[in-house]
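Reader: Could you walk me through this model, starting with its ligand and then turning to its strands and cysteines?

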Amino acid sequence: MNTQEYIDLGDEYFISTYNRHKIVLDKGEGVYLYDHSGKKYLDFASGIGVFALGYGNQEYNDALKAQIDNLIHASNYYYTVPAVTAAQKLCKAAEMKRVFFTNSGAEAVEGAIKLARKYAFNKDGIADHEIIAMKHAFHGRTLGALSVTGTPKYQTPFNPMPGGVCFAEYNNLDSVKELVNDKTCAIILECVQGEGGIHLADRDFMEGIKKICMEKDILLICDEIQCGMGRTGKMFAYMHYDLKPDIVTVAKALGCGVPVGAFLAGEKTQDSMKAGDHGSTYGGNPLVTAAVSKVFDLFESYDILNNVNVVGGYLAEKLDETAVKYGSILERRGIGMMQGLEFDRPVDKLVSMALKEGLIIISAGPNTVRFLPPLIITNEDVDSMIFILEKCIESCMV
Ligand SMILES: *Cc1c(COP(=O)(O)O)cnc(C)c1O
């Protein structure tokens with residue numbers, strides 16, 4: 001079958017929840033993807049921030065292949081070596097106490113919400129606790145995760161949402177304070193909002209949040225699903241601030257391609273859940289946790305954080321130069337290898353044109369293009385990206 005025939009077949013059989021680009025991806029190698037017709041793409045999206053190590057990493061692939069031959073699944077009624085090993089590595093890297101492995105980001109958020117409510121329930125025995133979330137945040141599409149994702153277009157057709165959630169303005173401490181009451185059990189936020197358009201939490205805002213949480217015994221949940229795992233130049237984005245979250249959610253780059261997420265508990269919350277409080281058939285199975293374990297090893301042996309800081313700095317510098325050149329660019333925002341360019345108009349044309357020119361980028365909100373490259377990119381990859389990007393801007397954004 002040719003490309004068009006596969007696309008037609010997909011359109012016939014998939015539930016139409018995505019406006020997919022009309023290419024069929026076949027193969028990945030390093031920072032490049034290849035489609036069914038053999039065309040090559042420079043990938044500055046890495047499957048929405050997932051493939052941090054790039055495609056086809058031999059050591060990673062070998063670890064997965066070996067695990068396939070050993071044991072793929074066991075259920076959580078038993079211990080497995082990969083799950084135990086991955087749990088220890090993840091907790092150490094995040095400076096947290098305990099972890100529950102999930103199959104996706106949304107499920108990690110679900111678990112985080114349950115853990116926060118259980119902590120509060122253990123304190124007062126009343127099941128009426130509230131969570132403060134941020135406007136323009138993104139926490140996932142399942143009902144619990146959607147209940148803290150304050151985008152009306154995502155929520156409305158699927159109402160009623162699970163209750164007990166209210167929304168504050170990001171980076172506006174007063175708007176958070178107004179919502180705090182005796183029922184508040186947690187504040188959930190991304191230290192760098194991803195889908196919302198690459199917005200960083202101000203230092204003062206985070207300092208204020210920390211104070212509120214300490215004074216009122218409110219839990220801080222940091223959603224690190226996109227900004228975690230080294231993307232901002234530290235292992236987790238909250239490490240840029242002087243604070244420790246009580247609950248952390250991770251996914252995307254955690255397994256670098258296999259479906260795995262996690263929620264982590266800190267000092268306060270580590271013993272809040274008891275046997276029977278939560279579960280998952282697949283969660284943290286040997287195959288995905290073997291991947292997680294290898295990811296942590298490779299992050300260390302490749303000194304990924306250093307590469308993010310050095311090449312991420314170069315990426316920001318180059319994007320700043322581009323922003324100065326074109327009047328349609330309002331702002332460059334971001335940190336490390338999580339960068340965005342906000343334009344004065346929608347960017348869907350730019351994204352499509354870049355794809356035609358062999359560059360994969362994605363949007364974050366209507367007017368912002370987002371750059372989430374594999375964390376192994378070099379300065380030369382940045383130069384290649386900028387060359388195509390500027391060519392596309394010149395032909396459709398001026
Ligand atoms: C992608 C994302 C999620 C949802 O993860 P899924 O694996 O798609 O369920 C949640 N929070 C943030 C910050 C994300 O970027």
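What follows is a short set of questions and answers.

Author: Happy to. This is a predicted model, where local features need pLDDT of at least 70, side-chain atom pairs count only at pLDDT 80 or more, and totals for chains, interfaces and linings use all residues. Residues are numbered from 1 along each chain as its sequence is written, and side-chain values use heavy atoms, with hydrogens and water left out.

Reader: Which side chain has an N or O atom 2.8 Å from a nitrogen atom of the ligand?

Author: The residues around the ligand, meaning those with a heavy atom within 4 Å of it, include Glu 190, Asp 223 and Lys 252. A polar contact is a pair of N or O atoms within 3.5 Å; within protein, one must be able to donate a hydrogen and the other to accept it, and residues adjacent in sequence count only if both atoms are side-chain atoms. Backbone N or O atoms of Gly 105 and Ala 106 lie 2.8 Å and 2.7 Å from an oxygen atom of the ligand. The side chain at 2.8 Å from a ligand nitrogen is that of Asp 223.

Reader: How much of the ligand's area does the protein bury?

Author: Accessible areas here come from the Shrake-Rupley method with a 1.4 Å probe; for residues, only the protein chains shown count as cover. Taken alone, the ligand exposes 380 Å², and the share buried by the protein is 81%.

Reader: Which residue stands opposite Leu 341 in S17?

Author: Strands are DSSP runs of E with at least two residues, numbered from the N terminus, and two of them pair if DSSP finds at least two bridges between them. Strand S14 (residues 338-343) runs antiparallel to S17, joined by 4 bridges. Opposite Leu 341 stands Val 369.

Reader: Which residue in the turn of the S16 and S17 hairpin has a positive phi?

Author: Strand S16 (residues 362-363) pairs with S17 in the antiparallel sense over 2 bridges, and Ile 362 stands opposite Arg 370. The hairpin has 4 residues between its strands, and the one with a positive phi, about 80 degrees, is Gly 365.

Reader: Why is Cys 191 not bonded to the closest cysteine sulfur?

Author: A disulfide is a pair of cysteine sulfur atoms within 2.5 Å, and a search of the whole structure finds 0 of them. Cys 191 is buried, at a relative accessible area of 1%, where buried means under 20% (1.4 Å probe, protein chains only). Its sulfur is too far for a bond with the closest one, in Cys 222, because the distance is 4.2 Å.

Definitions and conventions: Buried means under 20% relative accessible area, exposed over 50%, partly exposed in between (1.4 Å probe, protein chains only).
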